[in-house]
Number of protein chains: 2
Amino acid sequence: MAQCLPAENLTVIVNVGDDFDHLGLRICPDLDTVCYTLAGLANPVTGWGLADETWAVFERLKTLGGPTWFHLGDRDLATHLERTSRLRAGQNLSQITHSFCQAWGVKLTVLPATDDFTPTWVYTDIGTLPFQEYFVRCQCEPRVTGFRFEGVECSHPAPGVLESLLSADLIVICPSNPWVSIDPILAIPGIRDALYPYPLPPVGRGEQEKGIRKRAVLAVSPIIGGKTVKGPAAKMYAEFGIQPSALAVARHYGALLSGFVLDVIDAPLAEAVQAMGVPTLTTNSLMPTPDERRRLAQEVLDFGRQLLVNDDLQEEKVEYRPH
Amino acid sequence: MAQCLPAENLTVIVNVGDDFDHLGLRICPDLDTVCYTLAGLANPVTGWGLADETWAVFERLKTLGGPTWFHLGDRDLATHLERTSRLRAGQNLSQITHSFCQAWGVKLTVLPATDDFTPTWVYTDIGTLPFQEYFVRCQCEPRVTGFRFEGVECSHPAPGVLESLLSADLIVICPSNPWVSIDPILAIPGIRDALYPYPLPPVGRGEQEKGIRKRAVLAVSPIIGGKTVKGPAAKMYAEFGIQPSALAVARHYGALLSGFVLDVIDAPLAEAVQAMGVPTLTTNSLMPTPDERRRLAQEVLDFGRQLLVNDDLQEEKVEYRPH
């Protein structure tokens with residue numbers, strides 16, 4: 001998306017439900033991965049952390065009997081140290097993220113979904129685990145029975161989050177884990193409401209002419225051919241007794257969607273999604289390279305634009321057939 | 001001392017008044033320097049931190065606008081991270097120090113003077129500064145008017161401190177800064193009392209025969225020829241209107257002393273110290289090399305032994321003349 005849009009036209013809202021405290025440091029894995037990636041600093045091999053990383057602190061920690069299950073590179077540690085220090089000094093996460101993005105040369109707007117600490121707990125057959133314990137330490141092996149986003153009921157969207165959602169033409173729910181990466185965002189009071197296709201309930205053409213903005217909310221399926229490229233989303237669906245599929249993802253987001261993007265391998269599911277009243281884009285949704293990422297982003301943007309134009313032309317958008 | 005004595009015969013009690021919180025980490029500079037030195041890991045050039053250190057975290061912190069006045073090497077950071085993490089988990093500083101010393105192969109007993117956080121504040125002409133702000137950030141430039149050891153009134157000697165002081169044959173106050181390295185130890189309730197030559201007030205030969213232990217308390221002057229090898233001790237004496245000298249140091253410890261060690265350059269002051277009733281050892285107290293350190297330690301040990309023997313032979317020890 002950052003390759004396709006001017007920085008001022010793109011806002012990235014990031015899950016912070018996987019944030020946790022480790023060695024006394026506030027660590028925000030999703031937020032850091034997004035920022036490092038946008039800055040061109042991300043480690044392309046691991047999928048987390050920084051490229052050209054060194055491990056002097058971590059190696060030394062081992063000799064002191066420190067925890068070794070969560071790998072922390074030296075450069076990455078600087079992020080956590082400075083963030084934790086600033087949080088203690090009273091800055092909030094969105095201010096810190098803005099400052100870090102400036103330091104890293106990230107020009108578009110990256111917002112944590114909330115400045116509040118709303119850690120995800122994973123209920124499993126071996127007990128209730130903090131998310132990173134489940135995800136990293138246990139490598140997603142325990143059988144999941146549910147989630148809790150601690151304190152999310154009392155949390156608030158970070159400054160700019162609702163504003164950007166309400167003023168956006170197009171909102172894309174990226175192909176991330178619906179249960180533990182997207183739901184923690186949607187659970188923040190106010191965000192789900194702000195995602196519905198219209199800021200106010202649609203009351204007919206007349207209201208729209210009075211200036212109520214239209215926008216499209218798209219989701220890209222993280223499940224391709226019943227599997228996930230990485231991460232436990234498909235496993236989680238299966239553990240909840242739901243056949244993991246692009247259709248399951250579309251149902252997960254349900255009424256939020258004005259459009260849905262699924263992989264060509266899942267083309268047979270497109271009709272069932274459309275039957276939900278959700279137009280679909282069927283395309284190659286794997287994006288192993290930057291060029292592939294740009295191609296998919298552009299297709300998603302074009303799909304969104306078509307939906308908006310289409311919405312101008314007809315009351316009923318259910319029948320819309322992309323491509 | 002560690003070169004001269006079996007590990008089981010030596011306990012090192014270390015100032016923690018210079019401890020402070022930085023980047024959310026509890027940093028114990030004196031304690032770490034002592035442990036790193038005993039482990040053979042200390043940086044011989046800087047006088048703090050670890051040898052063969054790398055600076056990946058620190059360099060990265062700079063790019064994020066983090067604090068740069070207190071240098072933190074990568075390996076050193078592991079110490080602070082793990083210590084802080086354990087403190088948060090409820091371990092106390094002496095337990096952590098014991099564990100770290102085991103990891104570092106330090107066999108003798110190193111005790112923080114207290115497990116309580118008793119940070120030193122320095123009153124200066126530019127305001128009241130946390131010790132490390134004065135010492136590192138301001139490089140001891142402000143004019144000092146006083147000190148406060150925050151919370152020391154309510155602190156307790158760490159487990160083993162009083163026991164080791166009361167059972168010791170010889171207690172050596174090392175040539176450290178009397179104001180900010182030794183006084184913060186002496187200010188901990190119970191420690192000064194435990195340092196007096198006899199655990200109970202001396203009540204004559206009869207009592208001693210009943211088994212009251214005798215021991216010697218020596219101090220080695222950190223001031224040589226009116227100057228300090230490093231650090232602001234001499235500057236502090238001058239700022240308090242006291243001529244910085246070995247004599248000033250002897251007066252500083254006063255009634256605590258059963259003996260005093262001063263440099264040959266300060267030989268003219270020995271008589272004044274002896275006039276206080278304190279026997280002196282005049283020797284070369286500079287110790288730039290490990291061999292010199294061993295030589296001085298051995299001389300101090302011998303001096304202490306002589307005082308104890310001497311004490312057996314005569315009631316009046318004031319006249320004792322070493323060498």
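Modeller: Before we turn to the chains, one convention is needed: two residues are taken to be in contact if their C-beta atoms, placed from the backbone, lie within 7 Å. Please also keep in mind that what we are reading is a predicted model.

Colleague: With that convention, how many residues does each chain bring to the contact between chain A and chain B?

Modeller: Chain B contributes 24 residues, and chain A likewise contributes 24 residues. On the side of chain B that touches chain A, three helices each supply at least two residues, namely α2 (56-63), α3 (74-88) and α4 (93-104) of chain B.

Colleague: Which element provides the largest share of that side of chain B, and how do its residues divide by character?

Modeller: The largest share comes from α3(B), with 10 residues. Taken as a whole, the side of chain B that touches chain A consists of 10 nonpolar, nine polar and five charged residues.

Colleague: What turn and what shift lay chain B on chain A?

Modeller: A turn of 180°, with a shift of 0.0 Å along the axis, lays chain B on chain A with an RMSD of 0.0 Å. The two copies are therefore related as by a two-fold rotation axis. The contact fits this picture, since the same surface serves both copies, and 100% of the contact residues of chain B recur in chain A.

Colleague: Let us move inside a chain. What is the order of the strands in the open sheet of chain B?

Modeller: As a general idea, strands of a sheet pair through backbone hydrogen bonds, and they do so either parallel or antiparallel. In chain B, an open sheet of four strands follows the order β8-β9-β12-β13, and its pairing is parallel. The edges are held by β8 (170-173) and β13 (280-283) of chain B, each of which has a single partner strand, so one side of each is left without a neighbour in the sheet. On average, and with direction ignored, neighbouring strands of this sheet are turned by 20° against each other.

Colleague: How many bridges join β12 to β13 in chain B, and which residue of β13(B) is the bridge partner of B:F260?

Modeller: Strand β12 (residues 259-263) of chain B runs parallel to β13(B) and is joined to it by four bridges. The bridge partner of B:F260 in β13(B) is B:T280. Helix α11 (residues 246-253) of chain B lies across β8, β9 (216-220) and β12 of chain B, and runs at about 160° to β12(B).

Colleague: Where do the domains of chain A begin and end, and how many residues of each are in contact?

Modeller: The domain assignment gives domain 1 (7-153) and domain 2 (168-313) for chain A, and the centres of these two domains, taken over C-alpha atoms, are separated by 25 Å. Between them, 18 residues of domain 1 of chain A are in contact with 14 residues of domain 2 of chain A. On the domain 1 side, the largest share, three residues, comes from strand β7 (residues 144-149) of chain A, and that side as a whole divides into eight nonpolar, six polar and four charged residues.

Colleague: Now for single residues. Is A:F58 buried or exposed, and which residues does A:F58 contact beyond its sequence neighbours?

Modeller: The test is that a residue with 20 or more other C-beta atoms within 10 Å of its own is buried, while one with 12 or fewer is exposed. A:F58, which belongs to helix α2 of chain A, counts as buried because it has 21 C-beta neighbours inside 10 Å. Leaving aside neighbours within four places in sequence, A:F58 is in contact with A:H71 and A:L72.

Colleague: How does the test read for B:T120, and in which strand does B:T120 lie?

Modeller: B:T120 lies in strand β5 (residues 120-124) of chain B and is buried, with 27 other C-beta atoms within 10 Å. Residues up to four places away in sequence aside, B:T120 touches several others, among them B:G17, B:D18, B:F131 and B:V180.

Colleague: What is notable about phi of A:D52, and how exposed is A:D52?

Modeller: Phi of A:D52 is near 50°, a positive value in a residue other than glycine. A:D52 sits in the loop between α1 (29-38) and α2 (56-63) of chain A, and counts as exposed because it has 9 C-beta neighbours inside 10 Å. Phi of B:C140 is also positive, near 60°; this residue is found in the loop between α5 (131-137) and β7 (144-149) of chain B, and B:C140 is partly exposed, with 17 other C-beta atoms within 10 Å.

How values were computed
Residues numbered from 1 in each chain as written. Chains lettered and ligands numbered in written order. Predicted model: local features only at pLDDT ≥ 70, side-chain atom pairs only at ≥ 80, totals over all residues. Least-squares fit on C-alpha atoms with pLDDT ≥ 70 in both. Nonpolar A, V, L, I, M, F, W, Y, C, P; charged D, E, K, R; others polar. Pairing = 2+ DSSP bridges. Axes fitted to C-alpha atoms, helices over the stretch in contact; angles between N-to-C directions. Domains from an automatic or database assignment.
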